[in-house]
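Biologist: Before I plan anything at the bench, could you walk me through the pocket and the strands of this model?

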Amino acid sequence: SSMDILGNEKKLKELATNLICNELGGDDPSLLSDDFQFLFPVVGPLTKTQFVEAFSKFKVREAFPTASANFYNFRVDPLEPNRIWMMSRGAYEHLGTLQFGPSKFPATNKRICLPPQCFSMSFDAQGKCYKLTGGYNVDRSVGVETEGLGGMFGIVHALGLMKLPFAEGRPWKRSLMWEAFSLRVPQVIEDWKRVLASKVPESKSVEKPKRQ
């Protein structure tokens, strides 16, 4: 029942682990509720049907048979007691053909490690997952050749398979506007402060008349 799940870290961790062992529900859609939503930083929201179809096309396990997602640090959400959060440090070795959209990439035998990413799973009263979030990179300085990208975008980039045609699939770079505001504007302000300070005349002390 829902009361058995709410705030029950042991039970929620069991449900989450079972989902992870079944490729987040891709191998066993019965673990997902009918109103399931898949929501990642760029991709989604996807419905249950869309998610299962997309997962089957990627054939992740065939491309990375020795993959280890390395989920850890499971914690119940303090405001949503039917939701559990966890971290992942995925390690992959490209040993099989990877299908990404219409493209197929044969094995490169490269080993990659994704940056630490945050995931969450929300469960209903029947213990089925109705919302899965993830792929949120929490440290873009970490990762083997991923340059800050997580999820499938990080894998494709690290393997050097293709250059994705949209900004969301490429390593983060400062926009000109952000660079202007974060780097140039403060420097201009400091320069003006120095200029103005150099133009302020020094105050001269006025000598008081001596008493007779």
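Modeller: To sort a pocket lining by character, Ala, Val, Leu, Ile, Met, Phe, Trp, Tyr, Cys and Pro count as nonpolar, Asp, Glu, Lys and Arg as charged, and the others, Gly among them, as polar. Please keep in mind that this is a predicted model.

Biologist: How do the residues of the lining of the largest pocket divide into nonpolar, polar and charged?

Modeller: The largest pocket holds about 1,400 Å³ of space, and of the 48 residues that line this pocket, the closest to its centre are Phe 40, Gly 150, Gly 151, Met 152 and Phe 153. Under the grouping just described, Phe and Met count as nonpolar and Gly as polar. Over the lining of the largest pocket, the division is 28 nonpolar, 12 polar and 8 charged.

Biologist: Which element gives the most to the lining of the largest pocket?

Modeller: Elements that give two or more residues to this lining include the helices α3 (48-58) and α5 (151-159), as well as the strands β9 (117-123) and β10 (129-137). The element that gives the most, with 5 residues, is α3.

Biologist: In β9, which residue is the bridge partner of Trp 85?

Modeller: Trp 85 belongs to β4 and stands opposite Arg 75, in keeping with the 4 bridges that join β3 (residues 71-76) to β4 in an antiparallel arrangement. Strand β4 (residues 83-88), of whose 6 residues 5 are buried, is also joined to β9 by 6 bridges, again running antiparallel. Within β9, the bridge partner of Trp 85 is Ser 120.

How values were computed. Residues numbered from 1 in each chain as written. Predicted model: local features only at pLDDT ≥ 70, side-chain atom pairs only at ≥ 80, totals over all residues. Heavy atoms only, no water. 1 Å grid on protein atoms, 1.4 Å probe; cavity = no way out; pocket = protein on both sides within 12 Å on 5 of 7 lines; lining within 4 Å. Points joined across faces, edges and corners; volume = space filled by probe spheres on them. Buried < 20%, exposed > 50% of the residue type's maximum accessible area, 1.4 Å probe, protein only. Pairing = 2+ DSSP bridges.
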